[in-house]
Amino acid sequence: MKEWTTAEWETNSQSANIAAYYLYAPMCGTCQVASKMLEVVEELLPNVQIGQANLNYVEDLAIDQKIESVPCLIIAQNGQIQEKIYAFQSVPFLYNQLRKNI
């Protein structure tokens with residue numbers, strides 16, 4: 001996954017049918033597992049725009065979107081946020097959550 005700034009997230013979420021923004025913290029063990037899961041999902045869904053950002057560098061977005069914890073996956077469809085996922089249950093779960101919005 002490519003690191004996105006807030007501006008890149010806004011551009012991608014507006015221009016793509018579906019886009020996801022993965023927010024993490026570098027010292028978070030759960031985030032490291034979630035990253036591996038999303039790498040698999042990214043390979044399975046190449047048409048879905050998925051970017052990531054260290055939450056420490058996108059504070060304004062975290063405040064605006066009321067991010068409660070990390071890991072967090074924000075899913076947007078046609079520029080509108082559809083959901084925020086905090087519990088990355090499994091690869092099939094994440095795949096289905098993204099797939100249902102395509």
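Partly exposed means a relative accessible area between the buried range, under 20%, and the exposed range, over 50%. Keep that in mind as you click around this predicted model.

**Stop 1: Lys2 and Glu8**

Select Lys2. With a relative accessible area of 48%, Lys2 is partly exposed. Now add Glu8, which counts as partly exposed too, at 27% relative accessibility. Show both side chains and you'll see them meet in a salt bridge, 2.9 Å from N to O. Side chains of opposite charge can pair when their charged atoms come close.

**Stop 2: Lys100 and Glu83**

How many salt bridges does the structure hold? There are two, so you have one more to look at, because Lys100 and Glu83 also meet through their side chains, at 3.6 Å from N to O. Lys100 sits in the segment after H4 and Glu83 in strand S5, so this pair ties together parts that are 17 residues apart in sequence. Lys100 counts as exposed, since its relative accessibility is 53%.

**Stop 3: helix H4**

Slide back to residues 91-99, which make up helix H4. At its start, zoom in on Ser90: one of its side-chain oxygens comes within 3.1 Å of the backbone nitrogen of Phe93. Next, colour Leu94, Gln97 and Leu98, the buried residues of H4. Turn the view until you look down the helix axis. Where do these buried residues fall? They stay within an arc of 95 degrees, so they line one face of H4. An α-helix has 3.6 residues a turn, so residues three or four places apart point the same way. To see what that face packs against, show S2, helix H2 (29-44) and the strands S3 (49-54), S4 (72-77) and S5 (80-85).

**Stop 4: the aromatic rings**

Time for some rings: a search of the whole structure finds five aromatic pairs. One of them is Trp9 with Tyr21, stacked with 5.0 Å between the centres and 10 degrees between the planes. Trp9 belongs to helix H1 (residues 6-15) and Tyr21 to strand S2 (residues 18-24), so the pair links parts twelve residues apart in sequence. Are these two buried or exposed? Trp9 counts as buried at 4% relative accessibility, and Tyr21 is buried at 0%.

Select Tyr22 and Tyr24 for another stacked pair, with 5.7 Å from centre to centre and 20 degrees between the planes. Both of these tyrosines are buried.

Finish by adding Trp4 to Trp9 and Tyr21: ring pairs link these three into a cluster.

Terms used: Residues are numbered from 1 along each chain as its sequence is written. This is a predicted model: local features need pLDDT of at least 70, side-chain atom pairs count only at pLDDT 80 or more; totals for chains, interfaces and linings use all residues. Side-chain values use heavy atoms; hydrogens and water are left out. Rings of Phe, Tyr and Trp (its six-membered ring) pair if their centres lie within 6.5 Å; planes under 30 degrees apart count as stacked, over 60 as edge-to-face and the rest as tilted. Helices (H or I, at least four residues) and strands (E, at least two) are DSSP runs, numbered from the N terminus. Buried means under 20% relative accessible area, exposed over 50%, partly exposed in between (1.4 Å probe, protein chains only). The arc is that of the directions from the helix axis to the C-beta atoms. Contact means heavy atoms within 4.5 Å. A polar contact is a pair of N or O atoms within 3.5 Å; within protein, one must be able to donate a hydrogen and the other to accept it, and residues adjacent in sequence count only if both atoms are side-chain atoms. A salt bridge is a side-chain nitrogen of Lys or Arg within 4 Å of a carboxyl oxygen of Asp or Glu.
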